[in-house]
Amino acid sequence: MSTRPKAVKRFSRWKRIRHRLEAVLLLPAVWVIPFFPYQTVRRIGRCVGWLSYWFLGGQRRIALANLDVAFGDARTRSEKARIARASFQSFGATMLGLFWSVRLTRATAKQFVDVPDNSLQLLRDCLARGRGIIFVMMHYSDWELLGLTLGLHEIPITVVVKRMRNPVMERIFVRLRSQSGHHVVSGSHAMIRMLKTLKHAGSAALLIDQHVGVHSGGTWCDFFGLPVLTCSTVGQLELLSGAAIVTSVAHPLPDGRIRIDCQELSYRPSGNDQADIQTISQRCLEFCETVIRDRPEHWLWSYKRWKTRPHQELGRYPVYSRQHVV
């Protein structure tokens with residue numbers, strides 16, 4: 001009886017030490033990277049991503065398994081490997097670019113980001129209605145630069161993120177992601193914070209391409225031909241606030257820049273709230289699938305998107321998936 005508490009205490013102490021070590025390794029990158037030119041940082045990030053593809057075998061296998069789910073025999077094994085490598089490289093460039101972003105201003109952003117007038121006008125028109133905007137985003141291309149740029153254009157956003165296991169690293173990333181005026185929230189009160197923001201004609205954003213459990217507001221939607229648990233918060237917020245739903249994506253350009261594309265997802269409620277939430281959630285996920293199918297190498301394939309399946313049989317689901325238990 002006396003040994004069990006000691007084991008828990010030792011584990012807890014080790015976890016705190018590990019978290020501090022991770023932060024110590026990260027902080028030099030946060031300090032040093034801003035001294036380099038932006039394009040150099042992105043090239044370094046792509047190199048880091050390339051190395052990660054070869055050394056992180058578990059993540060590589062997840063990416064390839066996901067590509068099997070999404071494309072089946074429509075893509076060859078070598079094509080899937082190429083897409084997976086490029087995905088790792090895109091992620092590496094995005095993360096190192098976030099560390100560089102302390103130098104980002106509205107003037108410098110013009111060198112790296114194309115913000116079409118029609119996208120900005122759409123956002124102004126939506127905000128002018130006085131009911132706010134719900135941004136639907138995804139882990140595609142440089143989504144971090146996309147979010148920061150919107151803030152620089154005086155569109156502060158309440159951004160929902162998943163909590164990190166390391167609270168020290170979480171504080172670093174919250175500071176980086178909020179530097180252009182955003183409010184980064186997570187946890188059980190995120191829904192309330194977003195709703196308050198929308199009620200005051202502000203903007204909220206969700207990355208909706210991640211797995212969300214049923215008890216966290218997830219609903220079953222079709223994604224690449226398979227049911228997956230996905231975020232239903234967009235539909236809930238729209239029905240409660242009447243806010244505009246705007247899909248926003250960072251399209252990569254040949255010269256290394258990105259172009260921000262914003263489109264309103266118009267929806268007329270039917271009066272059946274549950275059906276409306278389901279329909280909106282499905283349409284948001286269809287937006288993601290359309291973008292990914294066009295240029296799959298820019299999506300984050302190493303994430304366990306098909307983590308849960310609704311039945312016991314594996315079928316087309318990847319080997320890492322587990323049956324949903326009510």
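## Pockets, cores and cysteines in a predicted model

The second largest pocket holds about 240 Å³ of space. Its lining is made up of 17 residues, of which R42, R46, P252, G256 and H298 are the closest to its centre, and the elements that contribute two or more residues to this lining are α2 (38-55) and α4 (77-100). Sorted by class, the lining of the second largest pocket comprises five nonpolar, six polar and six charged residues. The model described here is predicted.

A search of the whole structure for cavities of 30 Å³ or more finds one, and the largest cavity has a volume of about 50 Å³. Around the largest cavity stand Y38, T94, G97, L98, W100, S101, L104, D142, E144, L145 and L148. Both α4 and α7 supply at least two residues of this lining, and α4 gives the most, with four residues. The table sets out the two spaces by volume and by the classes of their lining residues.

| Space | Volume | Nonpolar | Polar | Charged |
|---|---|---|---|---|
| Second largest pocket | about 240 Å³ | five residues | six residues | six residues |
| Largest cavity | about 50 Å³ | six residues | three residues | two residues |

Helix α7, which spans residues 143-152, is mostly covered, since ten of its ten residues are buried. Among these buried residues are W143, E144, L146 and G151, and α7 is followed by E154, whose phi is positive, near 60°.

Turning to the nonpolar interior, the largest nonpolar core has 45 residues, and those with the most contacts inside it are I208, F223, V234, W301 and W306. Helix α11 (residues 273-294) gives the most to this core, with seven residues. Apart from the largest core lies another, of 44 residues, which includes M95, L145, M169 and A244. When neighbours within four places in sequence are left aside, W306 is in contact with N66, V69, F223, F224, L226, V228, W301, Y317, P318, Y320 and S321.

The cysteines remain to be considered. The count of disulfides comes to zero, where a disulfide would require two cysteine sulfur atoms within 2.5 Å. For C126, the closest cysteine sulfur is that of C262, and because the two sulfurs are 9.1 Å apart, they are too far for a bond. C126 is buried, with a relative accessible area of 1%, whereas C47 counts as partly exposed because its relative accessibility is 49%.

Definitions and conventions:
Residues numbered from 1 in each chain as written. Predicted model: local features only at pLDDT ≥ 70, side-chain atom pairs only at ≥ 80, totals over all residues. Heavy atoms only, no water. 1 Å grid on protein atoms, 1.4 Å probe; cavity = no way out; pocket = protein on both sides within 12 Å on 5 of 7 lines; lining within 4 Å. Points joined across faces, edges and corners; volume = space filled by probe spheres on them. Nonpolar A, V, L, I, M, F, W, Y, C, P; charged D, E, K, R; others polar. Buried < 20%, exposed > 50% of the residue type's maximum accessible area, 1.4 Å probe, protein only. Core = buried A, V, L, I, M, F, W, Y, C linked by side-chain atoms within 4.5 Å. Contact = heavy atoms within 4.5 Å.
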